[in-house]
Amino acid sequence: MKSPLRILHLEDDPNDAELVQAMLSSECMVCDVTLVDNRADFISSIETCGFDLILADYSLPSFDGLSALEIARGKCPDLPFILISGTLGEELAIESLKSGATDYILKDRLSRLVPAVNRALREIDEKAERIRLEEQLFQARKMEAIGRFVGGIVHDFSNVLMVIKGFAGMLEDKMGVDNKLKDMVKRIVSASETGSKLAQDLLLFGGKKTIKPTAVNLNQMVLGSVEFLSKVMRENIGIKIVPSEEELTVMADAAQIERILMNLATNARDAMPDGGCLKISTGQVALDDDFVRAHGYGRAGAFAVIYVSDNGIGMDKETREKIFEPFFTTKGAGKGTGLGLSIIYEIIRQHDGYIVVQSEVGKGSTFNIYFPLEKVGR
Ligand SMILES: Nc1ncnc2c1ncn2[C@@H]1O[C@H](COP(=O)(O)OP(=O)(O)OP(=O)(O)O)[C@@H](O)[C@H]1O
Ligand SMILES: [Mg+2]
């Protein structure tokens, strides 16, 4: 349970308010109570929406519990609302439940208050967990459907590309060195190679395991990345690498880690049109069961982390929530495929790892990439 429990209490009688608080603290509930006794204060308090629970007296001199309930349901629909009354008859009690009250308590039966509060809070937690699981299931089903769709077409698509590449290659071989058309044929070969690579990437979404893990020294890896990363950066962007003091060994596909860094660096570059700094550092953390549950796969334990941060334009919440979805891009037609991060996500998942983003508009972005730690050394 949250502690302190933030309660908005609508009550005009100070003795009753005190009694309710005494009842809660007698059961060791640590509460932070905001007491209001009129409509205006109730509305201005609820607008902060920073409460865990509302307790409301049924009848007040200039206001009443059912009107308070209507306001609460409009402003914070999921906030538990418990009516407390000395007079509530059966019909009004039913009406209050129909209008969305979580429970009602009679003042002469105040011992029911703590169990009612506990039940209301438990139900909120269960609802949040249910929504989270439904979202995970929806995501998993969506990825499965995309995987099946993509897997179905990639095979045929690759065959077509093989034919294009094969015949273009033969044509190139048959052309004399000074043939003016040779450059064009070379472009066909190169475009069909790019197409084949893209087709292989798409197979990732079909759940095909494509990584080839070996023991990788993560610090050496990030130090060695400067050379290839500087090729995609502009001169107004600096690169800073800060490896951890300990040596971090992970079982990973080194070529895929390079690819992850390359993709993240390219995104960082695009997010810093006026220049800035790309920082890559490493470290180690312990991930707990809550973290694993929130991601819906993998297991808790010791992980190596690569932090990739930029001080670019950053992202708002809506963008942040969509960036790992295939084909999501804000870069406009012809500029981005929206596949970069979704491919990275699948590669990292195949390593039993995780990727997490922290970003705010105007404050840059940091991507944390977690790989299960094989061993730590000095
Ligand atoms: N470092 C970043 N800063 C701000 N926004 C970012 C950053 N990285 C990713 N994004 C946002 O996430 C979106 C998706 O990124 P993703 O790499 O998947 O696709 P893309 O870069 O748009 O296209 P491409 O397939 O060519 O990589 C981007 O269009 C951008 O809106
Ligand atoms: Mg990208």
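Helix axes are here lines fitted to C-alpha atoms over the stretch in contact, and the angles between them run from 0 to 180 degrees between N-to-C directions. On that basis, in this predicted model, the axes of helix H7 (residues 218-232) and H8 come within 10 Å and cross at roughly 45°.

**Helix pairs**

Two packed helices are described by the angle between their axes and the distance between the axes. Three pairs are set out below.

| Helix pair | Angle between axes | Axis distance | Crossing |
|---|---|---|---|
| H7 and H8 | roughly 45° | within 10 Å | right-handed |
| H8 and H11 | about 150° | 10 Å | left-handed |
| H5 and H6 | about 160° | 9 Å | left-handed |

H7 and H8 are therefore oblique to each other, since their angle falls in none of the parallel, antiparallel or perpendicular ranges. H7 passes H8 in a right-handed crossing. On the H7 side the contact is formed by Met-221, Ser-225, Phe-228, Leu-229 and Val-232, and on the H8 side by Ala-254, Ile-257, Glu-258, Leu-261, Met-262, Ala-265, Thr-266 and Arg-269. Sorted by class, the residues of this contact are nine nonpolar, two polar and two charged.

H8 also packs against H11, at an angle of about 150° and with the axes 10 Å apart. Because angles over 145 degrees count as roughly antiparallel, H8 is roughly antiparallel to H11. Here H8 contributes Gln-256, Ile-260, Asn-263 and Asn-267, while H11 contributes Gly-340, Ile-344 and Ile-347. The contact of H8 with H11 holds three nonpolar and four polar residues, and no charged ones.

The third pair joins H5 and helix H6 (residues 182-203), at about 160° with the axes 9 Å apart. H5 and H6 are therefore roughly antiparallel to each other, and H5 passes H6 in a left-handed crossing. Residues of H5 in the contact include Val-150, Val-154, Phe-157, Leu-161 and Ile-164, and those of H6 include Val-185, Ile-188, Val-189, Ala-199 and Leu-202. In the contact of H5 with H6 there are 13 nonpolar, six polar and five charged residues.

**Surroundings of ligand 1**

The shell around ligand 1 comprises 22 residues, of which Asn-267, Ala-271, Thr-329, Gly-336 and Gly-340 come nearest. Helix H8 (254-271) and helix H11 (340-350) are the elements that give two or more residues to this shell. Its composition is eight nonpolar, twelve polar and two charged residues. Asn-267 and Gly-340, both among the nearest residues, also take part in the contact between H8 and H11.

**The five-stranded sheet and its helices**

Strands of a sheet pair through backbone hydrogen bonds, either parallel or antiparallel. One open sheet has five strands in the order S2-S1-S3-S4-S5, with parallel pairing. Strand S2 (31-36) and strand S5 (103-106) each have a single partner strand, so one side of each edge strand is left without a neighbour in the sheet. From one strand to the next the twist averages 20°.

Within this sheet, strand S3 (residues 53-57) and strand S4 (residues 81-85) run parallel and are joined by four bridges. Leu-55 stands opposite Ile-82 in S4. Helix H1 (residues 14-26) lies across strand S1 (5-10), S2, S3 and S4, and runs at about 165° to S2. Helix H5 (residues 113-174) packs on the sheet as well, touching S3, S4 and S5, with its direction at about 170° to that of S5. H5 thus has contacts with the sheet and with H6.

**Strand pairing around S9**

Strand S9 (residues 276-287) pairs with two strands in opposite senses. With strand S7 (residues 237-242) S9 runs parallel, over six bridges, and Ile-239 has Leu-278 of S9 as its bridge partner. With strand S10 (residues 301-310) S9 pairs in the antiparallel sense over ten bridges, and the bridge partner of Lys-279 in S10 is Ser-309.

Definitions and conventions. Residues numbered from 1 in each chain as written. Chains lettered and ligands numbered in written order. Predicted model: local features only at pLDDT ≥ 70, side-chain atom pairs only at ≥ 80, totals over all residues. Near = placed C-beta within 6 Å. Nonpolar A, V, L, I, M, F, W, Y, C, P; charged D, E, K, R; others polar. Parallel < 35°, antiparallel > 145°, perpendicular 65-115°, else oblique. Left-handed = near helix turned anticlockwise from the far one by under 90°. Contact = placed C-beta atoms within 7 Å. Pairing = 2+ DSSP bridges.
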